[in-house]
Amino acid sequence: MSGAALGLEIVFVFFLALFLLHRYGDFKKQHRLVIIATLLAWYLCFLIVFILPLDVSTTIYNRCKLAVNSSPAESNGSYVTLAPSKQKCFKPWSYIPDGIMPIFWRVVYWTSQFLTWILLPFMQSYARSGGFSITGKIKTALIENAIYYGTYLLIFGAFLIYVAVNPNFNLQWNQLQTIGIAAANTWGLFLLVLLLGYGLVEIPRSHWNGAKRGYLLMKTYFKAAKLMTEKADAEENLEDIMEEVRKVSESIKYNHPLRKCVDTILKKCPTEYQERMGRNMDDYEDFDERQNSYPSEKSLAKLHKQVIYSVQRHRRTQVQWQILLEQAFYLEDVAKNESSATRQFVHTFHSQEPENKIIQYFYTPTVEWYWECLLRPWFYRVLAVVLAMFSVIVVWSECTFFSTKPVLSLFAVFIQLAEKTYNYIYIEMACFLTIFFLSICVYSTVFRIRVFNYYYLASHHQTDAYSLLFSGMLFCRLTPPLCLNFLGLTHMDATISHKNTQPTAYTSIMGSMRVLSFIADGFYIYYPMLVVILCIATYFSLGTRCLNLLGFQQFMGDSEMTSDLIDEGKELIRREKRKRQRQEEGENRRREWKERYGNRDDSTRSRAVHTDQKESSFSETNASRPLSKYTRSNGRTERDRIELLQDAEPLDFNADSVNDDPLESDLGR
C-alpha cells in the first residue's frame, strides 16, 4: 500500500475539481486555456487539502522511528511526546516513502504561486480584453498588468537595496525565499481570517434556516424581486449595446478594412440580433472615407468587450430566473403537501427534464413526501448543531493554539492522544475532518461572495472567464496559509509547539519563519484571534445591515424594504405560475385532441389514399385501351382528361361539358 493512497487521492481530487468546474464553467463556449488554468489552480489547492493528513501521519511515524533508533543519550529528551527507545513503531497503511513528499510539495506549491501571482492575472486581462487578434489581447493584458507587476517589483527592489546597504543583514538565497513565502502567506492569512469568520457562523446558520420552509420561501421571493430588476437591467443594457452594433455594422461596409472586426463582433451577438442586422445590410454600397466618419479599431475593441459582457450577463440572468422559478414552485409545493392526508408528494408542474428511471423507482411520491415534509427539516437541524459545535471548537482553538503548557487547543489534544497509541487511521480522519471543515468555511465564502458584476460564481455553467480565473487566484493564495494555520492548531508546526522534533514535509518547504521573528511570533499567533470579533459581527449581521444602509438591498426580516421586495417577488412568482399553467393547459388540450381525433384522421387519410390508388389504377387501365372509339365530341385531348383527374378543387356545373359518353361522365365524377 506504499504510495497507493497518494495515487488514489491524486486521481480522486482531479475528478472532484473537474466536476466542480463543469458545474460553474462552460467547456463548450469558454476558451480552453481559461478552463485548463482554472482547473489546474483548483486541482492543486484541493490536492494540498487532501494530501496534508497523509503527510501528518507519515511524519508521526518518522518521529517514532527516529526515537527508537536514537539512544537516550543522543535524544536528550528531545522527543518528549514519543515513547522510549524500546517502543515498537507500526507503519501506517498510507505511508509515503522518504523523499517523495518534499518533491511533491515543492512542485505543487511553486506551481500554485506561479499561477496566482503571474499567469492568472495576465489571463484575466487577456480574457476580458476586446482585441481582435492574439497580439492585440496580449498587448492589452501587459498594459493592464504593468501597474500590478510594477508595484511588486518596486517593493521587492526596495527591500533588496535595504538588505544590501544594511551591514547587519547577511541574507542568503534560502532566507530570501523564506521571506517571499512569508510575505505571500501573510497576505493570504489576512484574507483567510476574514472569510473564515464569516463561514464559521453562516454555514451552521444557513443549515438551521434550511429547516424553516417559510423562511426559505420568503427569501426566494426576495431573490425573485432582486433578480427581476437585474434581469430587466441586463435586457436594457443588451438592447443599447445591440443598437450601437447595428449603427456600426451599417456604417462600415463590406469592403472596409475594419469589416472583419465588425463580423467578429456580430458573431458574439445573439442569433435573433444577427438575423435582424443581416436583413438591414446593403453589401453593394461602397464606403467613402471623405463623407463618413468611421470608428477606430480601438473603439471597436471597446465595443467588442461590452458585447461579450452584456451577452454573458443577459444569458446568466435568464438561466438564473428559470432556476429560481423552479425553486419557488417546489417550495410552494412542499408547503401545500405538508397538510396532505394521502402522504404522497404532488407536484404542480411536471419536471421538464427527463428523470432517471432508477431514481424514479426508489424515490417514489411517498418517499419524497416523508423526506421533504418530515425528515429533511430534522436532518438539517441536527447537521446545523454538529456544524455549530465544530465552529465553537475552531474558534476556541484559534484563540488558544499558541499555548503549549498546558495544551488548550482541542485539535492538538486529539492528535497527541492518537499519537501515543499510533492510531494512524484516527489521526488521518481527525486531520481530514479538521482541515476539510476549515476549507469548507473558507471556500464556500469564496463561492458565495459577489463583487457587483465583476466577480460572481454562478452555477449551471453561467460563470464568466474573469470570475473563474479570479477564483483560482483566491484559492491559490488562501490554501497555503490555511494549511499552516491547520498545522498550528494541531501543534504539528515547530514554530508553534517550540519542540525540537522532525517537521512535516510541508513545513520544511515553507522554511523557518524565525528569519522574520515579528511575523512568526506576532502576526501568525495573535492575528487569528480576530476570528472571534468577526464571528460576533457575522452573528449579528453587522455587514448585512451596513450594506442595507448603503442602499444594497439585503434580506432582513425587520426591514420595510425587505417586506416590499417579498411582496413584489410573490406577485412575480404568482404571475409566472399562471403563465406556466396556461401553457400546460394548452398542451393538454392539444394532446387530448390528438388522442381523440387522431385515429379518425388517420383512417380518413388512409381511406383517401386508397381511393386515389383505385382511381389512378383505373385511369391507367383505360389509358392502355385504344382511344379511337372514345373520342370526345368537342375534341378534348388526352392531356385535358388527365388534368381533369388531377384537379383537387371542386368543379362548377357546366352544361356544355355534359355529353352522352358514359366513360367520360364517370371520369368527371
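This report walks through one predicted protein chain, from its overall make-up down to single residues.

**Ground rules**

Residues are numbered from 1 along the chain as its sequence is written, and side-chain values use heavy atoms, with hydrogens and water left out. Because the model is predicted, local features need pLDDT of at least 70 and side-chain atom pairs count only at pLDDT 80 or more, while totals for chains, interfaces and linings use all residues.

**The chain as a whole**

The chain has 23 helices and two strands. Helices (H or I, at least four residues) and strands (E, at least two) are DSSP runs, numbered from the N terminus. The chain holds 669 residues, and 40% of them are buried. Buried means under 20% relative accessible area, exposed means over 50%, and partly exposed lies in between (1.4 Å probe, protein chains only).

Contact means heavy atoms within 4.5 Å. Take the contacts in the chain with a separation of 6 or more: 78% of them join residues 24 or more positions apart.

**H2 against H15**

Helix H2 covers residues 32-69, and helix H15 covers residues 465-489. Their axes come within 8 Å and cross at roughly 15°. That angle makes H2 roughly parallel to H15. Axes are lines fitted to C-alpha atoms, for helices over the stretch in contact, and angles run from 0 to 180 degrees between N-to-C directions. Angles under 35 degrees count as roughly parallel, over 145 as roughly antiparallel, 65 to 115 as roughly perpendicular and the rest as oblique.

The crossing of H2 and H15 is left-handed. A crossing gets that name if the near helix is turned anticlockwise from the far one by less than a right angle, and is right-handed if clockwise.

Who makes the contact? On H2, the residues include Val34, Ala41, Trp42, Ile48 and Leu52. On H15, they include Leu468, Gly472, Phe475, Thr479 and Phe486. By class, the contact of H2 with H15 has 17 nonpolar, four polar and no charged residues. Here Ala, Val, Leu, Ile, Met, Phe, Trp, Tyr, Cys and Pro count as nonpolar, Asp, Glu, Lys and Arg as charged, and the others, Gly among them, as polar.

**H10 against H12**

Helix H10 spans residues 297-337. Helix H12 spans residues 365-400. The two pack at an angle of about 95°, with their axes 10 Å apart. H10 is therefore roughly perpendicular to H12. Tyr330, Val334 and Asn337 of H10 meet Glu368, Trp369, Glu372 and Cys373 of H12. This contact of H10 with H12 divides into four nonpolar, one polar and two charged residues.

**Buried or exposed?**

The table lists five residues with their places and relative accessible areas.

| Residue | Place | Relative accessible area | State |
|---|---|---|---|
| Thr317 | helix H10 | 0% | buried |
| Ile323 | helix H10 | 30% | partly exposed |
| Leu565 | helix H21 (residues 560-624) | 11% | buried |
| His460 | loop between strand S2 (455-456) and H15 | 36% | partly exposed |
| Ser541 | loop between helix H19 (531-539) and helix H20 (542-549) | 24% | partly exposed |

**Partners in space**

Leave out residues up to four places away in sequence. Thr317 then touches Glu230, Lys231 and Ala234. With the same neighbours left out, Leu565 touches Tyr221, Phe222, Ala225, Lys226 and Gln553. Leu565 and Ala224 are 341 residues apart in sequence, yet their C-alpha atoms are 8.5 Å apart in space.

UniProt, in an unreviewed entry, places a "coiled-coil region" at residues 224-251. UniProt positions are given in the numbering used here, feature names are shortened, and annotations may be inferred rather than shown by experiment. In the model, residues 224-251 are 100% helix and 0% strand. The end C-alpha atoms of that span lie 40 Å apart.

Ile323 and His460 are 137 residues apart along the chain. Their C-alpha atoms are separated by 9.1 Å.

**Backbone details in the loops**

His460 has a phi near 60°, a positive value in a residue other than glycine. Ser541 also has a positive phi, near 55°, and is not glycine either.

Where does Pro406 sit? Pro406 is in the loop between H12 and helix H13 (410-421). The peptide bond from Lys405 to Pro406 is cis, with omega near 0°.
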